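Colleague: Could you take a close look at the place where the two parts of this protein come together, and walk me through what the model shows there?

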Amino acid sequence: MKAARASASAKVILVGEHSVVYGEPAIAVPLPALRAEAVLLPGEEEGLRLVAADLRRSFLLRHAAEEDPLALAVRLALRACGLREPPSARLVIRSAIPIAAGLGSGAAVSIAILRAVTAACGAPLPPERLNALAYEVEKRYHGTPSGIDNTVITWEAPVWFVRGHTPQRLTPPRAPKLLIADGGPAPATRVMVEGVRQRFESAPRRYEALFARMGAIAFEARAALETGNLAALGWLLDENHRLLQAIGVSTPRLDRLVEAARAAGALGAKLTGAGGGGNVIALVDEAGRETVRRALLAAGAERVLEG
Ligand code: PMV
């Protein structure tokens, strides 16, 4: 084993969260400036020690519970290296990505770990394999996730994602400029997905129509993104937010942020991810960015990141 360092980006879902679980398409984009990093340092440990300072955790791999997602990422990486015994080393994990906020922090950490450990053993993983192993860890975090997070983060490119189909990489002429505003703590993704499932089961026809409309928005958003029509994309984000309100995953606080961003000149805004809290994205142009950022903070955003 040699020393190795690797990283992975955060992500946001541009359109199609929740409906993606029901087979509709979604689009996610990476946030390359916001990253998780893993550094493997071979050394005098009595095994493989994971040090995750942001999570205030430091533990030997052999003491980690079977269901621990960080340990699972390391174990999958060691298996991919063909190693039975963990090497004596320290694996330092750092992340600037807020956790439990719909920004893909779990998948980014898993991918950084998988990349660093397999680079250290001289067997870097091809993207498809990396994505598949990261999905195994995602299941530990989220139960039955759609796989959109690990896919967009593996590729670090905008993706068109339909559950059960090969994801497609999108190549927009210009990356959309987003502000990402934190609207407070969110329940676990699986809790939000389960809530939608229950409401869907009690009113299937209504929910099918809402999901189908979200799917249509994803198609239109793809066309807008690929032709660089940001005004149309903004309108579609607004429309998608209204549908997310209708399925009961927004909150008054998220709605306030969305409205504040629009009133300050954003081209469009919506909640992103599972909802119930977490983040709002606002599509901005260069000229309006600062005004929208200030409006989001004034409307109660805990933090505004740029994507
Ligand atoms: O919480 P996030 O950003 O990982 O988003 C979850 C997206 C859902 O569509 C609600 C669930 C999923 O597995 O795709």
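Modeller: What follows is a description of the boundary between the two domains.

This is a predicted model, in which local features need pLDDT of at least 70 and side-chain atom pairs count only at pLDDT 80 or more, whereas totals for chains, interfaces and linings use all residues. Residues are numbered from 1 along each chain as its sequence is written, and side-chain values use heavy atoms, with hydrogens and water left out.

The domain assignment gives domain 1 (4–169) and domain 2 (177–306), these bounds coming from an automatic or database assignment, and the C-alpha centres of the two domains lie 25 Å apart. Across the boundary, 26 residues of domain 1 are in contact with 36 residues of domain 2, contact meaning heavy atoms within 4.5 Å. The area buried between domain 1 and domain 2 is about 2600 Å², with carbon and sulfur atoms giving 67% of it; buried area is the accessible area (1.4 Å probe) that two parts lose on being put together, summed over both. In domain 1, Leu14, His18 and Tyr22 lose the most area to domain 2, together 27% of what that side buries.

Between the domains there is 1 salt bridge, a term for a side-chain nitrogen of Lys or Arg within 4 Å of a carboxyl oxygen of Asp or Glu. Lysine 270 forms a salt bridge with glutamate 17, and their closest N and O atoms are 2.9 Å apart.
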